[in-house]
Amino acid sequence: MRRFTRTLITAAVVTGVTAGTTGWASGNSQEAVTGAPAGTGAWRAAGLPDPERMGPAEVARFFAGLGPVRRRELARTHPTVVGNLDGAPLELRYEANARSTRREFGGARVLAHDPRGRGQVALVYGDLARAEHVAVIVPGSDVDADHVRPLADMAASLRRATGGRTAVVAWAGYTTPVGVGLDAATGRLAEAGAERLARFTDGLAAVRPVGAAGPSVFCHSYGSVVCGLAAHELKAKDLVVFGSPGMRAENVSELGTSARVWAAKDPTDWIDRVPNVEFAGLGHGVDPTDPSFGARPVPAGDAVGHGGYFAPGTASLRAFAAIAEGDVR
């Protein structure tokens, strides 16, 4: 009976959304940027291995077989490819992206920068190669290379909360929805983002020391949909969702991950007004903070609004820092 009731409610929501926002939402519809990095045509023409046929581990082996002079030559002549190849040496990617972006991102190092579409970027705070612990933050709607400040602020706040001991990546590495239209209500962009996120964590595993712990992945709003779809492939030790509309799963076991799953939602977050249902491709399912979902709760009672979870002094930020540093069981 409960499932039947939820289906009826969802049908009503779908009808309202479709009837009331289709015209507006279609104007904000985004095309997901996928596939090989920009500049791959010239890379292939130079006789170099096809990036679409190499996983991050193979990319790592390719660069391991090159001398330092050849590596730097490739970074200089093909910066948009080298700078976005998951599995390539970190310092080489930083060097390549410094050439191709020619932009400042508040002191962060640029691990990836894809200029296509609205632009994608991955910013690193701390020493990603040597830090014992790594955190990756996945954003929700309206974040891109030109609108990365809210995400960058989250990353900087988390790093400060860990006393600078955790390296944090602000990963705006997928095409996010714009506004609260049909893109945000469906999983289309999240599916494309999930593939890119899984490859990104594979790339971290390929360049980090053997035996190093996987990252803690923090997923905000629509980013939690991305993380839910990627969960079964993510090389992560923790999966933390906050302000989530759902993860496209009924419970933690459906995520298919060995990572610990955590969830937070503050009492003033507007996401609480979004029906946690899924029908005909619209909606993202069960609220991860619902006890029935099975996630570990994160205290967030003093956070304010949809974006306040990383505010200094909040219980949520303290909990996030403890999770990132492995100080919780």
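The legends below describe an overall view and close-ups of a predicted model.

In this predicted model, local features need pLDDT of at least 70 and side-chain atom pairs count only at pLDDT 80 or more, while totals for chains, interfaces and linings use all residues. Residues are numbered from 1 along each chain as its sequence is written, and side-chain values use heavy atoms, with hydrogens and water left out.

**Figure 1. Overall view of the protein chain.** The chain holds 12 helices and 8 strands. Helices (H or I, at least four residues) and strands (E, at least two) are DSSP runs, numbered from the N terminus. The radius of gyration is 20 Å, close to the 20 Å that the globule rule gives for 329 residues, so the chain is as compact as a globular protein of that length. That radius is taken over C-alpha atoms, and the rule is 2.2 Å times the number of residues to the power 0.38. The C-alpha atoms fill a box of roughly 65 × 45 × 35 Å along the principal axes. Of the 329 residues, 53% are buried. Buried means under 20% relative accessible area, exposed over 50%, and partly exposed in between (1.4 Å probe, protein chains only).

**Figure 2. Close-up of the disulfide between cysteine 219 and cysteine 227.** The sulfur atoms lie 2.1 Å apart. A disulfide is a pair of cysteine sulfur atoms within 2.5 Å, and the count by this rule is 1. The link is left-handed, with -95° about the S-S bond. Cysteine 219 and cysteine 227 are both buried.

**Figure 3. Close-up of helix H12, residues 315–324.** H12 is mostly covered, with 9 of its 10 residues buried. Among them are Leu317, Phe320 and Ile323. The buried residues of H12 pack against helix H7 (149–161) and several strands, including S3 (133–138), S4 (166–172) and S5 (216–220). Contact means heavy atoms within 4.5 Å. Strands S6 (238–242) and S7 (260–264) are also packing partners of these buried residues. Glycine 326 follows H12 and has a positive phi, near 75°.

**Figure 4. Close-up of serine 221, in the loop between S5 and helix H10 (223–230).** Serine 221 is a residue other than glycine with a positive phi, near 55°. Its relative accessibility is 9%, so serine 221 counts as buried.

**Figure 5. Close-up of arginine 248, in the loop between S6 and helix H11 (252–255).** Phi is positive here too, near 60°, in a residue other than glycine. Arginine 248 counts as partly exposed because its relative accessibility is 26%.
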